[in-house]
Amino acid sequence: MNYEALENAIRSKYKAAFSSVQTAHDNAPFDPPDDAIWVRFTILQGNGQQTTLGRDRTFRTSGIIRVSIFDPAKKGTKESAELADQIADEYRSSSVGGVVYQTPVFRRIGISGGYYQSNLDIPFFSDRVVAGV
């Protein structure tokens with residue numbers, strides 16, 4: 001799976017499950033709301049590696065989906081924690097479209113620019129088999 005197909009598969013899963021959540025995607029126009037929760041969805045490509053030897057070789061691409069959740073400052077963290085749980089449940093230990101998702105990690109970051117930020121990091125990988133000659 002090439003990079004574009006991999007990222008499209010990852011984004012499609014998110015958009016299908018969370019279309020009602022106001023979300024900023026990489027390099028797409030977005031105006032954050034002033035008084036509502038919103039999300040920044042970023043795909044961070046990791047290291048690639050060859051995982052098998054021989055005639056047909058398998059190459060693995062790994063990375064992290066970073067879901068940054070922004071809650072208006074000084075309104076508590078309940079809503080952002082609930083959204084993080086929903087997103088984590090959608091991805092946790094699942095495999096869709098050739099992408100394997102692993103155990104998400106939730107971290108509270110703190111107040112930034114009028115919002116309280118939390119990050120949900122979801123590790124993933126995808127394998128591509130290249131037939132030998």
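1. Start with Arg60 and Asp127: in this predicted model, they form a salt bridge whose closest N and O atoms are 2.6 Å apart. The pair ties together distant parts of the chain, with Arg60 in strand S3 (residues 57–72) and Asp127 in strand S7 (residues 115–130), 67 residues apart. Arg60 counts as partly exposed, at 25% relative accessibility, and Asp127 is partly exposed too, with a relative accessible area of 33%.

2. Next, have a look at strand S7 again, where Asp121 sits; its partner Arg107 is in strand S6 (residues 105–112), 14 residues apart, and this pair also links distant parts of the chain. Their side chains meet in a salt bridge at 3.0 Å, N to O. Is Asp121 buried or exposed? Asp121 is buried, because its relative accessible area of 7% falls under the 20% cut-off. Arg107, on the other hand, comes out as partly exposed at 43%.

3. Don't stop at that pair, though: Arg66 joins Arg107 and Asp121 in a network of salt bridges.

4. For a local contact, go to helix H2 (residues 78–91), where Lys78 and Glu82 are four residues apart, so about one helical turn separates them. They form a salt bridge, with 3.1 Å between the closest N and O atoms. Lys78 counts as exposed because its relative accessibility is 62%, over the 50% cut-off. Glu82 is partly exposed, at 39%.

5. If you want the overall tally, the structure holds seven salt bridges, among them Arg60 with Asp127, Asp121 with Arg107 and Lys78 with Glu82.

How values were computed:
Residues are numbered from 1 along each chain as its sequence is written. This is a predicted model: local features need pLDDT of at least 70, side-chain atom pairs count only at pLDDT 80 or more; totals for chains, interfaces and linings use all residues. Side-chain values use heavy atoms; hydrogens and water are left out. A salt bridge is a side-chain nitrogen of Lys or Arg within 4 Å of a carboxyl oxygen of Asp or Glu. Helices (H or I, at least four residues) and strands (E, at least two) are DSSP runs, numbered from the N terminus. Buried means under 20% relative accessible area, exposed over 50%, partly exposed in between (1.4 Å probe, protein chains only).
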